[in-house]
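Hi,

Here is the structure I promised to send over. Have a look at it first, and then read on for what turned up in it.

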Amino acid sequence: MDIHSLPEQARKVEKETKMFFKTIRKNRLRDLDDTVHALHKEIFDEINCLECANCCRTLGPRLTDRDIEKMAQALRMKPHEVVERYLRIDEDKDYVFKEMPCPFLCSDNYCSIYENRPKACREYPHTDRKKFFQIHALTIKNAKTCPAVFKILEQLKKEL
């Protein structure tokens, strides 16, 4: 999938996807979780995130104090040094990276602090989360960035 055309492809099916989630009945939410989790496994078995890394290039995760502590430890810096060098406070008063792509994204798409990456990075794109219905709006948004999420949603609409 062409990563450059992904946002436009996702926008084209966004209304359809939103309608799909509106039609899911409460008694089918368990089916939704099971189906999404199976699709997550299937699609991530065939997609190599290291070939894409679009999330690391374009999405700035919200960073918690714990994330900053772990990053500081990995970088052998003090937390305030990590804040000064790499972070800023956004309009929601959250810490985020000063610039994107992520300052820890290497040229081979590996993360230089992978074992200590922020929680938001570890959990992205959230398609293996329980109570998936609660984050379906976020998932629709993530389909504009992540080809795996786009595929999961398109397959989900076919299966349910």
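I'll start with a pair of helices: α1 passes α8 in a left-handed crossing. Please keep in mind throughout that this is a predicted model. The two helices pack at an angle of about 35°, and their axes are 11 Å apart. On the α1 side, the contact is made by L6, Q9, A10, V13, E16, T17, F20 and F21. From α8 come P147, F150, L153, E154, L156 and K157. Sorted by class, the residues of this contact are nine nonpolar, two polar and three charged, in case you would like to pick out the charged ones on your screen.

Some of those names come back in the largest nonpolar core, which has 23 residues. The members that touch the most others there are F21, L32, F132, L153 and L156. Helices α1 (6-23), α2 (29-46) and α8 (147-159) are the elements that each give two or more residues to this core, and α8 gives the most, with six. If you want one residue to click on, try L32: leaving aside its neighbours within four places in sequence, L32 is in contact with F21, I24, F132, F133, L156 and L160.

Apart from that core lies another one, of 15 residues, and I68, A72, V82 and F104 are among them.

That brings me to a second helix pair. Helix α4 (residues 65-75) packs against helix α5 (residues 79-86) at an angle of about 95°, with the axes 8 Å apart. Because the angle falls in the range from 65 to 115 degrees, α4 is roughly perpendicular to α5. Here I68, M71, A72 and L75 of α4 meet P79, V82, V83 and Y86 of α5. Which classes of residue make up the contact of α4 with α5? There are eight nonpolar residues, no polar ones and no charged ones.

A few more details on α4 may be useful to you at the bench. Its buried residues are D67, I68, K70, M71 and A72, so do look at D67 and K70 as well as the nonpolar names. The cover over the buried residues of α4 includes α5, β1 (87-89), β2 (95-97) and α6 (119-123). Just after α4, R76 takes a positive phi of about 55°.

Happy browsing, and do write back with any questions.

Best wishes

How values were computed:
Residues numbered from 1 in each chain as written. Predicted model: local features only at pLDDT ≥ 70, side-chain atom pairs only at ≥ 80, totals over all residues. Heavy atoms only, no water. Core = buried A, V, L, I, M, F, W, Y, C linked by side-chain atoms within 4.5 Å. Buried < 20%, exposed > 50% of the residue type's maximum accessible area, 1.4 Å probe, protein only. Helix = DSSP H or I, 4+ residues; strand = E, 2+ residues; numbered from the N terminus. Contact = heavy atoms within 4.5 Å. Axes fitted to C-alpha atoms, helices over the stretch in contact; angles between N-to-C directions. Parallel < 35°, antiparallel > 145°, perpendicular 65-115°, else oblique. Nonpolar A, V, L, I, M, F, W, Y, C, P; charged D, E, K, R; others polar. Left-handed = near helix turned anticlockwise from the far one by under 90°.
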